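Thanks for coming. I have one model to go through today, and I will put it on the screen now.

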Amino acid sequence: MQFYLNGYAPGDPDIQKKELPDAVDVLVIGSGPAGALLAAQLSTFPGITTRLIERRDGPLQVGQADGIACRTVEMFEAFGLSQQLLREAYWVNETAFWRPAKADRSRIERTARVQDTEDGLSEFPHVIVNQARLQQYLLDYMYKSPTKLEANYGLEFVGLQVESEGEYPVKVTLRDVNRRSESVVRAKYVVGCDGASSRVRKSIGAELRGDFANHAWGVVDMLAVTDFPDIRLKAAIQSAEEGNILLIPREGGYLVRLYVDLGVVDPDNREAFRENTQEKVIGIAQRVLRPYTLDVKSVVWFALYQVGQRVTDRFDDVPQDQAATRLPRVFIAGDACHTHSAKAGQGMNVSMQDTFNLGWKLAAVLEGRAGPELLQTYSTERLAIAQGLIDFDKEWSKIMASPPKDPNHPELGGVDPQELQEYFVRSGRYTAGVATHYAPNTVLTAEATHQHLATGFTIGMRFQSAPVIRLADAKPVQLGHAARADGAWRIYVFADTSGERLRKLAAFLADSPQSPVRRFTPAGADIDSVIDVRAVFQQSHLDLDVGQLPAILLPRKGSFGLVDYEKAYCVNAKAGDDIFDARGIDRANGAMVIVRPDQYVSNVLPLDAHIALAAFFSQFLLDRH
C-alpha cells in the first residue's frame, strides 16, 4: 500500500479526504462551536459550496467549554440533535451555595439549594456536556447532510484580501501545517471563528477592546473520591481565606469540573498566574472544601486562564464610515469578536447564537431569496448582544471572585453570600440564554404596534414553545419544534374565535398576487420552502375536521404532490396547557406571529393585516417569479 505521495497527512490512509476546492461560496475558519454550527447549518443547502478548515489535525478530543444553556438546546432541536444531547448530558437541576460556617470560618457550610432554571422558562433544561462532544454532534450532522460536508484539518489561515470585483472577491491564503506549503482559495464570503487570537479579525482591522485581564482561574476536570455532599450538584463555594470554587458536575455520573479562583492578575506581570501547576490548583481546591476531603484519582483536563471582558466595534469587514457604500464580505464570530469569563457559561452558547444568526442570512443571500444588504444586520444585531454579555459578565465575575463578607469584620468588604445567591436567581433568564432581545433597528424586527395581540411572544425575543395537539394525528407536540434549521420563515396563525379572519388570511396567502408566500417562493419549489404557514385553533382536535382546513394548511409537496398534514394544531385541552392562555393570545381577534429562521419573533400582526404582512416581507425578500 502506498500513500503520502504528496506529503504526510495524519489519519487513516484508507479514508480519502475531500480536497479544498479553488473557489467556495463560504469559507469558515475554525471548527469550534461557532464554526461547526455555521458549517452544519450551511451544509443543508445543496446549492451552496461550504468549506470548514481547522489548523488542528483532527476534531477536538477533550476539555474547554461545557455549559449548554436552555436556549442552545432549543436551537439544537432545530437540527434534530436535542435528544442525543439530553441523553448524554448532565442536567443542572439545582445549584447549591456554600460559605464559611458561622461557628468556624475555616470550614464551609451549605446555606441554600435553589432551582437552577425557573419553571416555564423553556421546555428544555440547562445541561452540561463537554465541548468536544458538542462539536462532534455538529460534525456528524454535516457529514449526514445533503452536501456530505467534512472539515479540512491541518490548514491554517494566513491572510486575505477583498477585491472589488469578481464572483469570488475574497482571496484567502492558507497554509498546510504539515507540509508548510501555501495555497490560495477564493470565496464569496469568509467567516472567522478562529478564537480570541483571531487572525481573520486582525486581517480586517478590527480589535478587541476592553479589560484584557483582571482575574485568573484554574480549571480541572477530574475523577475523584470525596465526602463533599453536593459533588453531583452545581455549587458556588466561598471560603473565608482560600478563595472560591465553582463546581460543575459533568456528564457520565462520575466526572466533575472545578473552576478554582487564583486571584487578581498582576497588571505588571500578567503571565505570573501560569506558575500555578495542576497540583497547586488541586491543593487550593482541597483547602477551600474543608472540612470535606477531595482525593483526586485522575485528571482528565487542566487549564489556566485569565478573565477578560473585551468586544470589537464591528463583526464584519466594513468600517462604520463605509457602511453606506460597502457590503460585508468577511465576518467574525464567537471569541474572535467577544471574550469573557466562563463563570456564567455564556461563551460557547453566545458564540453559536452568533453563527445561527449569520447562517440563515448567508443562505438566503446565496440562494437569491434576499439581497446582500441583509448581511448588514448581522453585525448590528450581534454587537449589541455581545456588549450586553460583557456588561453582565463584569458584574457576575466580580461577585464570583470576591471573598465572602465576614459578619464580624464588615469593614473588610467582600460579598454577602446571600447577595451571591440572589444575583444568581435574578440572572436566571440571562444565563439560560433566553434574555436576548433584538431592538427594532433593522428591517427584521418590527415595532411592537400590535404586541397586545400576543403578549407572550415578545417581538425581538425568541419564540417560546408551548404544548399543542397536532390535528391530523392527535399527537401532543411542542409548537416550537416545528421549526427546522432550514432557512425558512414561519407564520404561526392563531385563530380568532369564529375562524372567519383565519379563513380570509388563508385565502389571501394561497391566492392573492400580493401574498408573500406566492411572491417569494421560487417556481417549482415546495410552497413552504421560504415561508412556512402553520395554524393553531382554539377548539379541541376532536371538534375539527382535517378535510375542512384551508388549502394553505394542506399543501401539496414533493415530486408526487403529497399532502403535508402537519400544518394545523389545536390547544392541548386534555393536559390543561392552553397556548392561547399561556402566551397571551387575543382569543376574539387571533394573531399572526412571524418568526425568523433563527427562531426569533420578528412581528405580531392582526389576522386581517394582509397588506402589512406583504409589506413586511418585501423589505428583505426578493420576488422569485
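I will go from the cores to one helix, then to the surface, and finish with some single residues.

Keep in mind throughout that this is a predicted model.

Let me start with the nonpolar cores. The largest one has 113 residues. Within it, the residues with the most contacts are Phe76, Leu362, Trp489, Ile531 and Phe617. Helix 7, residues 347–366, supplies the largest share of this core, at nine residues. A second core is separate from that one and has 48 residues, among them Ala96, Phe97, Trp301 and Trp396.

What does Phe617 touch, once neighbours within four places in sequence are left aside? The partners are Trp489, Ile491, Pro516, Phe520, Ile531 and Ile594. Two of the names there, Trp489 and Ile531, were also on the list of residues with the most contacts in the core.

Next, helix 1, which runs over residues 33–42. Ten of its ten residues are buried, so the helix is largely enclosed by the rest of the structure. The buried set includes Pro33, Gly35 and Gln41, as well as Leu37, Leu38 and Leu42. And what covers these buried residues? The cover includes strand 1 (23–29), strand 2 (50–54) and strand 11 (182–192). On the helical side, it includes helix 2 (70–78), helix 4 (131–144) and helix 7. Helix 7 is the one I mentioned for its nine residues in the largest core.

Now the surface. Val62, Leu223, Tyr254 and Val300 make a nonpolar patch of about 370 Å². Of these, Tyr254 sits in the loop between strand 14 (244–249) and strand 15 (256–264). Why is Tyr254 classed as exposed? Its relative accessible area is 67%, and the threshold for exposed is over 50%.

Staying with strand 15, Arg257 lies in that strand. Is Arg257 buried or exposed? It counts as buried, at 1% relative accessibility. Its side chain has polar contacts with two other side chains: Asp66 at 3.5 Å, and Tyr259 at 3.1 Å. For a sense of scale, the C-alpha atoms of Arg257 and Gly47 are separated by 43 Å, with their positions 210 residues apart along the chain.

Thr226 is in strand 12, residues 209–226. At 22% relative accessibility, Thr226 counts as partly exposed; the cut-off for buried is under 20%. Beyond neighbours within four places in sequence, Thr226 is in contact with Ile231, Thr293 and Leu294. A polar atom of the Thr226 side chain lies 2.5 Å from the backbone oxygen of Thr293. The Thr226 side chain also reaches the backbone nitrogen of Phe228, at 3.0 Å. Thr226 and Leu613 are 60 Å apart, C-alpha to C-alpha, and 387 residues apart in sequence.

Last, some backbone geometry. The peptide bond from Arg290 to Pro291 is cis, with omega near 15°. Pro291 is in the loop between helix 6 (278–288) and strand 16 (294–311).

Which residues other than glycine have a positive phi? Two to look at are Arg180, with phi near 65°, and Gln599, with phi near 75°. Arg180 lies in the loop between strand 10 (170–176) and strand 11. Gln599 lies in the loop between strand 26 (591–595) and strand 27 (601–605). Gln599 is also buried, with a relative accessible area of 7%.

That is what I have. Questions are welcome.

Definitions and conventions:
Residues numbered from 1 in each chain as written. Predicted model: local features only at pLDDT ≥ 70, side-chain atom pairs only at ≥ 80, totals over all residues. Heavy atoms only, no water. Core = buried A, V, L, I, M, F, W, Y, C linked by side-chain atoms within 4.5 Å. Buried < 20%, exposed > 50% of the residue type's maximum accessible area, 1.4 Å probe, protein only. Helix = DSSP H or I, 4+ residues; strand = E, 2+ residues; numbered from the N terminus. Contact = heavy atoms within 4.5 Å. Patch = residues over 30% accessible without salt bridge, like charges linked within 9 Å, V, L, I, M, F, W, Y side chains within 5 Å. Areas by Shrake-Rupley, 256 points an atom, 1.4 Å probe, with all protein chains shown as cover. Salt bridge = Lys/Arg side-chain N within 4 Å of Asp/Glu carboxyl O. Polar contact = N/O pair within 3.5 Å; in protein donor to acceptor, adjacent residues only side chain to side chain.
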